Amino acid sequence: MIDGGDAAFVPSVAFDPRGGRVVAAGIDGTVSVWHAATGALAARWASHVGPVNAVTVDPDRGLLLTAGHDGTAAVWRLADGGQVRRVGRLPAGAFDAVPVGPRPGLAVAVAFVAAPSPPLSRSRPAKKACA
């Protein structure tokens, strides 16, 4: 399903069981939607600045959730690629997954942000005890 215009590395893939589509995250910031039965490209649109880390389909609502290396997560309509919402301004690479929540209207973007390391302190050598 990957044609010559796509990057060879695909960070994430999701399947839409209701629409028979496969969605692929692109390292070029695009999302590609393919017809699963034919392998034909159905749609492609720019979704993030930089790589798309993860894609997840919400088949009940016909939505696609994306997480980008740009520190944002977005919700898209699968039918036309229209953006519904964009959230987050975390450090680059913070969003790594976008699972769909169990209740209607609930989608969660999971952020993995590394905490800064504490500064190293210099310890003084222990004094030798006098005998």
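**Exercise 1. The surroundings of an aromatic pair**

Task: In this predicted model, determine whether Trp45 is buried or exposed, and then work out how the rings of Trp45 and Trp76 are arranged.

Solution. Step 1: Trp45 has a relative accessible area of 13%, and because buried means under 20%, Trp45 is classed as buried. Step 2: the same cut-off of 20% applies to Trp76, whose relative accessibility of 4% makes this residue buried as well. Step 3: ring centres have to lie within 6.5 Å to pair, and by this rule the count comes to one aromatic pair. The centres of the Trp45 and Trp76 rings are 5.9 Å apart and their planes stand at 50 degrees, so the pair is tilted. Step 4: Trp45 belongs to strand β4 (residues 41–46) and Trp76 to strand β7 (residues 73–77), so the pair ties together parts that lie 31 residues apart in sequence.

**Exercise 2. How far the model can be read**

Task: State what the average pLDDT of the protein is, and identify which stretch, residues 103–124, calls for caution and how many contacts it has beyond near neighbours in sequence.

Solution. Step 1: the average pLDDT of the protein is 74, with 62% of the residues scoring at least 70. Step 2: over residues 103–124 the pLDDT is below 50, although this stretch has 29 contacts in the model beyond near neighbours in sequence. Step 3: where pLDDT is low, the predicted coordinates should not be read in detail.

**Exercise 3. Secondary structure and the four-stranded sheet**

Task: Establish how many helices and strands the protein has, and describe the open sheet of four strands, asking which of them stand at the edges.

Solution. Step 1: the secondary structure comes to zero helices and ten strands. Step 2: the open sheet of four strands follows the order β1-β2-β3-β4, and its pairing is antiparallel. Step 3: β1 and β4 each have a single partner strand and stand at the edges, so one side of each is left without a neighbour in the sheet. Step 4: on average, and with direction ignored, neighbouring strands of this sheet are turned by 15 degrees against each other. Step 5: β1 pairs with strand β2 (residues 21–25) in the antiparallel sense over four bridges, and Asp16 stands opposite Arg21 in β2. Step 6: Ser12, in the segment before β1 (13–16), counts as buried at 13% relative accessibility, and its contacts, not counting residues up to four places away in sequence, include Val23, Ala25 and Asn53.

**Exercise 4. Strand β6 and its two partners**

Task: Find how many residues of strand β6 (residues 63–68) are buried, and trace the pairing of β6 with β5 and with β7.

Solution. Step 1: β6 is mostly covered, with six of its six residues buried. Step 2: in a regular strand the side chains alternate between the two faces of the sheet. In β6, Leu63, Leu65 and Ala67 point one way while Leu64, Thr66 and Gly68 point the other way, and all are buried. Step 3: strand β5 (residues 52–58) pairs with β6 in the antiparallel sense over six bridges, Leu64 being the bridge partner of Val57. The hairpin of β5 and β6 has four residues between the strands, and Gly62 takes a positive phi near 65 degrees there. Step 4: the pairing of β6 with β7 is likewise antiparallel, over five bridges, and Ala67 stands opposite Ala73 in β7. The hairpin that β6 and β7 form has four residues between them, and Gly71 in the turn has a positive phi of about 85 degrees.

Note on methods
Residues are numbered from 1 along each chain as its sequence is written. This is a predicted model: local features need pLDDT of at least 70, side-chain atom pairs count only at pLDDT 80 or more; totals for chains, interfaces and linings use all residues. Side-chain values use heavy atoms; hydrogens and water are left out. Rings of Phe, Tyr and Trp (its six-membered ring) pair if their centres lie within 6.5 Å; planes under 30 degrees apart count as stacked, over 60 as edge-to-face and the rest as tilted. Helices (H or I, at least four residues) and strands (E, at least two) are DSSP runs, numbered from the N terminus. Buried means under 20% relative accessible area, exposed over 50%, partly exposed in between (1.4 Å probe, protein chains only). pLDDT is the predictor's confidence in each residue, from 0 to 100. Contact means heavy atoms within 4.5 Å. Two strands pair if DSSP finds at least two bridges between them. Axes are lines fitted to C-alpha atoms, for helices over the stretch in contact, and angles run from 0 to 180 degrees between N-to-C directions.
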